Amino acid sequence: MSTNFLQTAGLTARYGDAQALFGIDFHIATGETVAIIGANGAGKSTFLKAITGLVKVAPGALTIDGKPWGGRSPGDIVRQGIALVPEGRRLFPSLTVEENLKMGAYAGRPGPWSLARLYTLFPILEEKRKVPATSLSGGQQQMVAIGRALMSNPRLLLCDEISLGLAPIVIKEIYDALPAIAAEGMSVAVVEQDVMVAQRVSRRLYCFQEGRVSLEGASDGFSREQISQAYFGIQT
Amino acid sequence: AGDGIFKIGYVSPQTGPLAAFAEPDAFTLEQVRKAVAGGIISGGKKFAVEIIYKDSQSNPNRAGAAAAELILRDKVDLVIASSTPATTNPVADQCELNQVPCITNDAPWQPYFFGRKGDPKVGFEWTYHFFWGLEDIIGTFSSLWGKIPTSKAVGGLWPNDEDGNAWGDGKMGFPPVLAAKGFKVVDRGRFQSPINNFSSFISAFKSGGVDIVTGVVPPPDFANFWNQAGQQGFQPKIVTVAKATEFPASIAAFGERANGLTVELMWSPAHPFKSSFTGQSARQLADAYTAASGKPWTMPLGLKHSLFEVALDVLRRAGSKDPAAIREAIRGTHLDTIVGPVDFRKGPVPNVAKTPLVAGQWQKRGKGLELVIVDNSQAPNIPVQAELLPIKYG
Amino acid sequence: MTATVIRSTRGSQAVIAIAAALCLVAATLPLWGEPSWMREFVEIACYLIFAMMWNLLAGYGGMVSVGQQAFFGLGGYVMLALGNFGGINPFVAIPLAALVAALASLPVSKLAFRLQGGYFSIGTWVIAEVFRLSIANVAAVGGGSGTSLTALRGISRSTRENTTYWVALACVVASLALVYLFLRSKQGLALQAIRDSEVAAESQGVGVARMKLAVYVVAAFGCGMAGALYFVSNLRISPDAAFGVNWTAFAIFIVMIGGIGRIEGPVIGAVVFWALNKFFSDYGTWYQLGLGLLAILMTLFFREGLGGFVHRRLGFEMLPTRRILQLAPPAAPATASRLTPEVTA
Amino acid sequence: MRVDKVSKSYGTLKVTRDVSFCVEEGQTLGILGPNGAGKTTLFNLISGDVRIDSGGITFAGQDVSGLRPHQRCQAGIGRSYQVPHPFGNMTVFENLVTAACFGARVGERQAWDIAAGILDKTGLLPHANKPAGSLTLLNRKRLELARALATRPRLLLLDEIAGGLTEHEAAELVAELKRIKAEGTTMIWIEHVVHALMSIADRLLVINFGEKLAEGEPVAVMNSPDVRRVYMGLEA
Amino acid sequence: MTETIVQGLLLGGLYCLFSLGLSLMFGVMRLTNIAQGDLIVAGGFAAISIAPLVGGHFVVAGLVLLPLAFAVGYGLQRLVLNRTLGKDPLPSLVVTFGLSIVIQNLLLEVYSASPRSLEAGALSTGSIQLGEELFVGTLPLLILGVALAATLGLQLLFSLTPLGRAFRAVSDDREVAELMGVRSANVYAIATALATALIALAGLFQSLRTTVSPADGPLLLLFAFESVIIGGMGSFWGTFVGAMVLGVSQQVGFRFDPGWGVWFGHLVFLAVLIVRPNGLFPKTKG
Ligand SMILES: Nc1ncnc2c1ncn2[C@@H]1O[C@H](COP(=O)(O)OP(=O)(O)OP(=O)(O)O)[C@@H](O)[C@H]1O
Ligand SMILES: Nc1ncnc2c1ncn2[C@@H]1O[C@H](COP(=O)(O)OP(=O)(O)OP(=O)(O)O)[C@@H](O)[C@H]1O
Ligand SMILES: [Mg+2]
Ligand SMILES: [Mg+2]
């Protein structure tokens with residue numbers, strides 16, 4: 001089942017005059033979980049933004065189901081079934097928990113995920129559904145962010161540092177939920193600073209360094225030294 | 001190459017809130033230009049006449065700038081202007097400073113003269129004005145209001161502008177004269193126009209037993225007042241408000257509720273005067289205007305016409321382009337115009353000549369409303385056309 | 001390490017030299033020119049000074065005010081009061097009036113600075129309205145009807161006109177020089193830094209609040225001066241004329257045409273405005289409509305303005321405020337031939 | 001420089017809780033902690049960009065907690081931002097001149113010399129006359145450091161300036177910082193690149209959830225089990 | 001005194017209609033519309049022009065006007081204002097200011113400077129007597145009712161519908177909202193369209209209650225603006241209350257002295273600015 005339904009080839013991206021990505025080759029198959037690691041500013045978030053259309057890329061650089069999708073609007077991409085859990089959660093502060101979740105369904109993609117199903121996955125959210133999303137604890141906010149992305153019934157879920165600012169115990173909780181989420185054939189790509197976590201949850205792994213892929217392969221195939229090398233470009 | 005050409009600069013509020021005053025301008029200018037197409041004879045020489053027309057945008061600031069442009073750039077020999085002190089005063093001030101003769105009208109002479117800080121003993125050197133004064137309007141109005149029985153309590157609507165300040169003035173304006181004539185004045189003070197709520201006025205008028213409302217009010221403010229009076233059940237017998245009810249267009253906006261409103265009348269087709277340069281009677285002039293523009297007659301038509309009558313008469317007598325000669329000619333003016341005789345030698349103060357004033361009422365005639373003369377106490381030579389009727393409330 | 005810093009180019013020096021020569025020629029205008037030219041100059045000078053101040057505020061200080069007419073009108077009224085009641089020569093009263101406007105801007109800033117962005121704009125407008133309505137209720141200066149400047153009566157027309165002209169010329173040159181030197185100075189650096197990032201400017205030791213206040217006060221001073229000058233030449237003042245929002249409208253137009261955030265912007269804009277005014281102002285409504293439309297189009301499609309366009313075309317800035325560090329002082333003859341080191345430290 | 005029990009909350013989120021520490025003159029303190037632990041916030045509190053809710057900050061014997069940021073800068077606290085805030089429309093040189101003029105409060109001429117000297121030292125000289133907005137991220141980070149130096153600080157706050165540097169560049173940076181340190185400047189450095197930090201810091205402070213987790217001698221701190229678990233994500 | 005307050009509240013109803021559009025556009029786009037007042041006046045003139053075409057009744061004119069205004073607003077945002085949005089408020093300010101000048105002069109050209117009003121028939125003078133000396137005009141009461149309904153409607157739209165969620169989401173974080181599939185350009189255009197419809201409604205009532213003339217716009221803008229700021233930015237009930245406060249303040253000012261009514265309204269606004277810079281009911285986030 002290794003149909004690479006999403007693929008990038010030589011993807012470059014820039015912010016104004018500053019180039020952030022220098023030719024990323026990346027692919028993910030249906031049902032696969034892939035991790036992206038790398039130091040601060042390596043370009044991981046930029047890469048996810050490029051896939052979701054927040055950063056403009058050349059049309060041919062991004063293919064979904066073999067068709068070029070680069071340079072399309074974020075709305076078009078989300079309707080293709082690609083959802084992003086953005087870095088720093090970025091919930092809508094003036095919306096309640098439930099409204100935030102409903103915003104996720106704005107694109108109207110049909111699929112298995114509904115409010116009811118989310119509430120069974122994260123029961124705490126049902127309890128808190130009427131409160132402003134930003135009054136939740138960090139971990140609960142992250143659940144909302146993931147739930148919001150799931151509400152669009154994606155084929156590919158992109159998670160940008162969902163462990164950021166969370167207690168290790170909460171991180172564990174969230175990552176434990178991932179397999180259940182991915183069980184129905186959803187692909188998942190996680191960006192993670194914590195290498196151990198990344199290695200544990202993913203099948204394959206990309207390491208970014210300065211806007212380039214410095215390491216790629218099966219997650220359990222690397223030694224810590226190899227990863228450090230790719231991560232910082234130096235020996236620890 | 002200016003020899004042999006008299007240049008007249010004309011400032012008027014073509015646009016802005018006062019634009020209604022300039023409505024007949026196009027017609028008047030065409031008429032005048034046709035009349036002087038062959039030039040005029042002055043001092044035995046033939047002069048062409050050129051008229052340069054500038055817009056004040058109803059803005060005193062622009063009016064002054066326009067006058068300055070006429071004087072300095074276009075080098076006009078004579079400046080004329082009309083329609084409210086907001087136009088006449090800045091224009092006249094510019095002329096005075098630049099030593100150019102100037103004739104204005106259509107603004108009561110007190111706001112013109114005292115508004116410009118004129119001294120009745122000295123007067124001005126270069127600038128002349130003809131119109132009626134507050135004494136006329138107070139006289140006409142009080143005579144008008146005596147025609148039917150009322151409580152004799154008068155409510156004042158005087159805004160904080162050139163006219164309102166003069167009319168409501170405690171020394172020169174309405175209040176002292178009315179008090180002397182046995183009227184009780186309810187004056188809540190100058191209001192800042194535009195104003196959209198008159199309820200404080202209305203309740204004061206009601207509690208003061210006011211039967212008569214007067215003032216000099218821009219049309220939008222009066223519309224507010226009149227609607228709110230209706231809502232609050234305030235039903236004065238007489239409403240004599242200047243400005244707001246002078247123009248057919250603003251009257252049309254009030255619809256049925258304009259019936260019975262009274263207003264000062266400085267010119268109408270019924271005035272028994274003739275034009276000094278077209279020979280038309282007032283009626284003929286009005287008809288010609290309606291025929292040419294398709295609009296009903298309006299008071300500024302006569303006033304603008306008379307302004308040019310005086311200007312041309314002055315230039316004919318001046319004999320040369322010398323400003324001093326033109327000024328002397330203005331001083332010596334004694335002309336029967338379409339708004340009545342203009343004589344600068346008599347005036348109440350130097351530089352001012354007075355023209356007659358009556359009062360009129362908007363009365364139902366056929367389908368529409370017509371402005372008819374109902375009081376001529378200050379100008380008995382102008383015949384009354386109808387009886388004053390108290391305002392009827394349905 | 002000793003740094004060589006270039007602050008002007010041949011081109012910009014030429015611009016300044018030409019400008020200085022023009023000023024000298026202009027100063028003799030009363031001897032050979034038409035009175036109407038002087039009159040036009042004075043009027044456009046008022047617009048120019050006002051627009052320069054607006055540019056300083058909006059283009060450099062990031063404060064888009066729609067209420068600068070408050071200080072314009074105040075300047076006019078203070079000049080009038082000093083002249084008519086204080087017996088002070090109105091020409092002497094011009095700087096005094098500007099000073100009063102600057103003082104008045106201190107308390108006003110306390111209110112206005114509570115609002116940001118668009119709300120600041122309309123808030124300043126409300127404040128200008130308060131000024132207008134307050135003055136309109138002062139009977140001594142004619143209330144809503146306004147009054148005439150009588151202090152200049154009795155002075156001959158040519159003396160009055162020539163003096164007004166010279167004063168206007170002096171005001172323009174002084175404001176231009178002031179703005180130019182200000183922007184070239186340390187303070188200019190701080191202002192640009194604030195425009196780029198307030199947070200970072202603050203962390204680099206720039207007192208942002210004080211700097212903004214300073215700009216606001218200077219702008220009020222300039223606007224007050226423009227107002228006093230305008231009404232000295234116009235001789236009649238009324239609240240509607242003095243505190244009308246159209247002053248700001250024209251300033252915005254002039255600055256957007258000339259190029260916002262550049263010193264020469266208002267100058268270019270004022271020249272264009274003068275030309276448009278000369279040829280089209282008789283079209284009244286359509287003229288104004290055209291100005292509004294032009295401002296919209298410039299903002300949407302040509303935000304750099306004519307000044308920016310000229311700068312790109314000429315390849316040098318007419319009135320540079322930049323500091324160019326000369327990289328290899330002794331060598332690089334190619335650069336040295338184009339660039340003239342002005343100051344070496 | 002001493003920080004005394006400072007706290008800060010954003011709404012209900014307590015970002016800094018009763019953190020106290022002090023830095024001796026001439027010393028270098030390294031700060032570590034997971035993302036969102038409140039490190040940058042701590043800097044914001046010290047530099048005055050954000051007001052403290054409670055607690056006090058004393059610098060060189062003077063209580064600075066009531067001062068505005070620019071006053072603190074003039075008092076000798078210089079800082080760089082994690083997300084660079086260059087004055088984008090000004091040249092790199094002018095960025096530094098501004099900092100020197102207002103931060104170090106020197107005259108223009110002297111500021112030029114300071115600026116040129118620092119440009120030379122930080123390797124930004126070739127970019128001196130470019131608009132700062134056109135720099136690459138790496139150079140922007142260099143500019144952050146250079147600009148902070150131009151204020152002639154006695155205490156330098158550095159927020160993740162080594163992130164994304166190659167091994168060679170990081171080594172150069174460390175060398176430069178060592179020079180600065182040798183001149184007697186006190187430094188506080190937030191950094192995820194641990195080995196760089198270790199090579200210069202006299203002491204380490206680890207923050208987690210706005211609280212002090214560990215403080216002390218670098219090697220000891222890094223070997224403490226709490227830190228290994230929370231920060232490195234290593235099961236100790 | 002009761003009368004002053006009642007009249008003030010009725011006046012506030014009109015001000016509320018003036019200001020809802022401003023509040024809506026700022027809430028969704030952070031866009032300050034300087035042409036607000038002129039658009040109100042244009043709405044009034046449009047109603048006056050439409051009325052005779054549809055048989056003269058203002059209700060019918062309103063029914064024609066509202067969808068028209070909606071379309072105009074949509075186009076305005078799509079074609080012009082969307083290009084001005086961004087961190088820098090200057091472009092949108094200059095463009096709406098320019099728009100204000102264009103509208104004023106266009107109206108002057110088309111309708112001349114003469115003030116005009118819309119015939120309301122018996123409604124314009126009808127009233128309900130509440131006390132011995134207390135009359136409440138039917139039309140002002142109707143306006144207050146409509147203002148209340150419009151405020152309630154907007155509040156419900158914002159809090160209960162997907163569109164309202166999209167409005168708030170785009171306002172909070174445009175980028176993430178786009179990630180959810182929200183087309184922000186479209187959402188902005190709908191917001192402006194709604195605001196313009198409200199503006200037209202305000203214009204219709206203004207021309208019914210009094211007259212409109214091309215130069216009226218700026219003052220209406222200031223009243224609208226003051227209502228929004230007094231109430232606190234970004235909350236419709238706040239705007240409603242702000243309008244009431246402004247109406248009552250002006251009325252109290254008029255009672256004190258007719259020359260100082262509007263002035264007193266401005267003063268209350270400035271006082272609120274000093275005492276509560278974020279308005280009486282600021283929107284609390286997070
Ligand atoms: N909005 C932006 N404007 C300009 N440059 C940006 C912007 N966002 C990111 N960058 C730059 O692009 C590069 C890649 O950043 P990105 O956020 O993708 O890194 P990252 O790998 O996600 O880092 P982190 O671990 O800190 O999240 C960096 O140099 C960053 O500074
Ligand atoms: N202005 C703010 N409003 C609300 N919350 C804020 C604000 N600034 C920071 N926070 C929150 O405070 C917490 C600490 O942020 P801070 O930037 O100090 O983290 P950090 O330790 O510097 O992380 P990193 O390593 O990613 O730079 C985060 O949860 C952040 O979301
Ligand atoms: Mg990232
Ligand atoms: Mg940080």
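**Group meeting: a metal site, two interfaces and an enclosed helix**

Let me begin with a single residue, A:S45, which is buried, with a relative accessible area of 16%. Please keep in mind throughout that this is a predicted model, and that what I describe is computed from its coordinates.

The reason for starting there is the magnesium ion, ligand 3, whose protein donors are the OG atom of A:S45 and OE atoms of A:E87, at 1.8 to 2.6 Å from the ion. These two residues bring together distant parts of the chain, since A:S45 belongs to helix 1 of chain A, residues 44–52, while A:E87 sits in the loop between strand 6 (82–85) and helix 3 (97–104) of chain A, 42 residues apart. The surroundings of the second donor residue can be set beside those of A:S45: A:E87 is partly exposed, with a relative accessible area of 34%, whereas A:S45, at 16%, counts as buried because the cut-off for that word is under 20%.

Let me turn now to chain C, which is divided into domain 1, covering 33–243, and domain 2, covering 245–316. The C-alpha centres of these two domains of chain C lie 20 Å apart, and the contact between them involves 27 residues of domain 1 and 18 residues of domain 2. Together the two domains of chain C bury about 2,000 Å², with 76% of that area on carbon and sulfur atoms. On the polar side, 8 residue pairs are found in polar contact across this domain interface, both residues at pLDDT 80 or more, and there is 1 salt bridge between the domains. C:E40 and C:K278 form a salt bridge in which the closest N and O atoms are 3.4 Å apart. As for the secondary structure involved, the elements giving two or more residues to the domain 1 side are helix 3 (35–60), helix 4 (69–84), helix 7 (157–184) and helix 11 (239–242) of chain C, and the largest share, 12 residues, comes from helix 3 of chain C.

Next, the partners of chain C, beginning with chain D. Here 38 residues of chain D are in contact with 32 residues of chain C, and the two chains bury about 3,100 Å² between them, 62% of it on carbon and sulfur atoms. Three residues, D:F87, D:F102 and D:W112, account for 20% of the area that chain D buries against chain C, more than any other three residues. Between chain D and chain C there are 2 salt bridges, and one pairing to look at on the screen is C:R323 with D:E108, whose side chains meet in a salt bridge at 2.6 Å, N to O. The interface of these chains also holds 9 residue pairs in polar contact, both at pLDDT 80 or more. On the chain D side, at least two residues each come from helix 2 (69–75), helix 3 (92–103), helix 4 (108–122) and helix 5 (137–150) of chain D.

What, then, does the interface of chain C and chain E look like in terms of salt bridges? The count there is 0 salt bridges, with 4 residue pairs in polar contact, both at pLDDT 80 or more. The contact takes in 39 residues of chain C and 40 residues of chain E, and the buried area is about 3,700 Å², of which carbon and sulfur atoms give 83%. On the chain C side, C:R114, C:Y119 and C:I122 supply 19% of the area buried against chain E, more than any other three residues. Helix 3, helix 6 (117–136), helix 12 (246–258) and helix 14 (285–301) of chain C each give two or more residues to this side, and helix 6 of chain C gives the most, with 13 residues.

Two pairs of chains are not joined. Chain D and chain E have no contact, although their closest C-alpha atoms lie 7 Å apart, and chain A and chain B do not touch, their nearest C-alpha atoms being 37 Å apart.

I will finish with helix 6 of chain E, residues 162–172, in which 9 of the 11 residues are buried, so this helix is largely enclosed by the rest of the structure. Among the buried residues are E:R165, E:F167, E:R168 and E:D172. What do the buried residues of this helix pack against? They pack against helix 3 of chain A, and, within chain E, against helix 1 (2–29), helix 5 (138–160), helix 7 (174–179) and helix 8 (184–209).

How values were computed
Residues numbered from 1 in each chain as written. Chains lettered and ligands numbered in written order. Predicted model: local features only at pLDDT ≥ 70, side-chain atom pairs only at ≥ 80, totals over all residues. Heavy atoms only, no water. Donors = N, O, S within 2.8 Å, 3.2 Å for Na, K, Ca; no water. Helix = DSSP H or I, 4+ residues; strand = E, 2+ residues; numbered from the N terminus. Buried < 20%, exposed > 50% of the residue type's maximum accessible area, 1.4 Å probe, protein only. Domains from an automatic or database assignment. Contact = heavy atoms within 4.5 Å. Buried area = accessible area lost by both parts, 1.4 Å probe. Salt bridge = Lys/Arg side-chain N within 4 Å of Asp/Glu carboxyl O. Polar contact = N/O pair within 3.5 Å; in protein donor to acceptor, adjacent residues only side chain to side chain.
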